[in-house]
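This briefing covers the two sheets, a helix pair, the ligand site and two backbone details. The sequence and structure come first, and the notes follow by topic.

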Amino acid sequence: MIEFDFSPADAFIDSHVGSGLFLRAHAAHRALLEGTGAGSEWLGWRRILQDPNDALLEEITSVSREIRERADVLICIGIGGSYLGAKAIISALSPYFSSEPDGEEGVHAAPRVIFAGHHLSGSYLQELLDSLEGKSVFANVISKSGSTLEPAIAFRIIRKWMEDRFDDCSRRIIVTTDPDGGSLRELAQTNDYRTFDIPADIGGRFSALTPAGLFPVAVAGFDIRSLFYGSVAMMTELLSPEDNPAVAYAMSRYALHESGYTAEILSVFEPKLGGLGSWWQQLFAESEGKDLKGLFPTTCTYSGDLHSLGQYLQSGRRNLIETFLMIDSDRPSIEVPDENGSLDGLDFVAGKSIKSIAHAAFLGTTRAHLSGGVPVHIITMDGLTEENLGRLIYFFEHAVSVGGYLLGINPFDQPGVDAYKSEMLRVLGAQGDS
Ligand code: PA5
């Protein structure tokens, strides 16, 4: 279950914005459902939920099972939309610290999923490979185009390292790419690597529920069926434009944008939601940041960031919106010990759970930020589960699409990213561009 409350932001919306917004938002929602808006050739992320492919979910689970039995580590190589979804889901669902044994001889503990190819740090790659010496390593290279420089370079280096160490290297590499073309597909065919498809009509940042996201999540040991069907459930619940939280969120963001706000912060109190913040940030930045429009999306992790960015939020330039992503589960939480007469001055929280103290910090922060002139939205999940994450992913995808149509832009392309890629390749003297 997820609850949404966008009402605290209402008081910050200019009165001139409201008129006609309902009708325009409903039209944007209809354009998304009927496939009549800009970029409608990229709506495969809805298509796969409308007609779930259970055989594919089973195939992903079965390949992941083999890897879980044989691997110490799966290196996922990808950048942007080709890794952020998997990373967000795995971080959110994984314990902070694992007590699993390292694996006795002949018995593998669950593999660690490690990400690479998402930057150009040579020392990261070198240190990663050094740390994997003697381990059973598998790799999943994920690139829709197959030609993105960062993952392509990382893959070449990791592939060579694996070929030098494993006789069965071709069984250890799994390629996730476009079904029809690209150099990665060709490389997979030549070397007999196993492959998964990212459907042609799904762009990177909308690919979390394709094998790009599902396969690493399955290898990490999570239930991809609940994740996928969580998204299906949310899509079904968001069919009507009435009482539709995704449409309401899109409307509130758009109305605030038109009232002069320029940035939105996704704030979390649970550090393991940081990956989800990065996924959200990419989804909204690449979808909305066009034609000199859009809210600049960024993230805060509290309460740590209250001791740094909190100052700006409270008293800096008044152009910020804040969306809190909260978890309200009934899991027991560690308590502050009661030490009668202790000198640390903490008797007022003695016996309280950290959860209740964090809740007080949340209430205090929302009140302070609202009174400081920051419009606030609140999204609350009743637990960090596969199903809730699936729901949340679809919710944000639907909202960013409706919001993009309200702004009058195509939410499904990313000309700015493509521009950087071709300029970089030109500097490197490559033939052609991205
Ligand atoms: O959302 C997008 O389309 C991008 O962020 C891509 O995912 C990113 O550029 C990586 O592209 P590719 O999967 O083709 O390597």
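One open sheet has five strands in the order S3-S2-S4-S5-S6, and its pairing is parallel. The model is a predicted one. A second open sheet, also of five strands, has the order S1-S10-S9-S7-S8 with mixed pairing. A ligand is surrounded by 14 residues.

**Parallel sheet**

- The edges of the sheet S3-S2-S4-S5-S6 are formed by strand S3 (112–116) and strand S6 (194–197), each of which pairs on one side only.
- From one strand to the next, the twist averages 20°.
- Strands in a sheet are paired through hydrogen bonds of the backbone, in either the parallel or the antiparallel sense.
- Strand S4 (residues 137–143) pairs with strand S5 (residues 173–177) in the parallel sense, over five bridges.
- Within this pair, Ala-139 stands opposite Ile-173 of S5.
- Helix H7 (residues 149–163) lies across four strands, namely strand S2 (73–77), S3, S4 and S5. The helix runs at about 160° to S4.

**Mixed sheet**

- In the sheet S1-S10-S9-S7-S8, strand S1 (2–5) and strand S8 (296–301) are at the edges; each has a single partner strand, so one side of each lacks a neighbour in the sheet.
- Neighbouring strands here are turned against each other by 20° on average, with direction ignored.
- S1 and strand S10 (residues 376–381) run antiparallel and are joined by four bridges.
- Ile-2 has Met-381 of S10 as its bridge partner.
- Helix H16 (residues 386–407) packs on this sheet and touches S1, strand S7 (263–268), strand S9 (320–327) and S10. The direction of H16 makes about 150° with that of S10.

**Helix pair H10 and H11**

- Helix H10 (residues 211–219) and helix H11 (residues 224–237) have axes that come within 9 Å and cross at roughly 145°.
- On the H10 side the contact is made by Leu-214, Val-217 and Ala-218, and on the H11 side by Ile-224, Leu-227 and Phe-228.
- By class, this contact has six nonpolar residues, with no polar and no charged ones.

**Ligand site**

- Which of the 14 residues around the ligand come nearest? They are Ser-82, Ser-143, Ser-145, Thr-148 and Gln-282.
- By class, the shell comprises one nonpolar, nine polar and four charged residues.
- Thr-148 has a polar side-chain atom 2.5 Å from an oxygen atom of the ligand.
- In the side chain of Gln-282, an N or O atom is 2.6 Å from an oxygen atom of the ligand.
- Arg-205 contributes through its backbone, where an N or O atom lies 2.9 Å from an oxygen atom of the ligand.
- The ligand taken alone exposes 390 Å², and the protein buries 93% of that area.

**Backbone details**

- Most peptide bonds are trans, and most residues other than glycine have a negative phi.
- The peptide bond from Tyr-302 to Ser-303 is cis, with omega near 10°.
- Ser-303 is placed in the loop between S8 and helix H14 (309–315).
- Asp-192 has a positive phi, near 65°, and is a residue other than glycine.
- The loop that holds Asp-192 lies between helix H9 (183–191) and S6. S6 is also an edge strand of the parallel sheet.

Conventions: Residues numbered from 1 in each chain as written. Predicted model: local features only at pLDDT ≥ 70, side-chain atom pairs only at ≥ 80, totals over all residues. Heavy atoms only, no water. Near = heavy atom within 4 Å. Polar contact = N/O pair within 3.5 Å; in protein donor to acceptor, adjacent residues only side chain to side chain. Areas by Shrake-Rupley, 256 points an atom, 1.4 Å probe, with all protein chains shown as cover. Nonpolar A, V, L, I, M, F, W, Y, C, P; charged D, E, K, R; others polar. Axes fitted to C-alpha atoms, helices over the stretch in contact; angles between N-to-C directions. Helix = DSSP H or I, 4+ residues; strand = E, 2+ residues; numbered from the N terminus. Contact = heavy atoms within 4.5 Å. Pairing = 2+ DSSP bridges.
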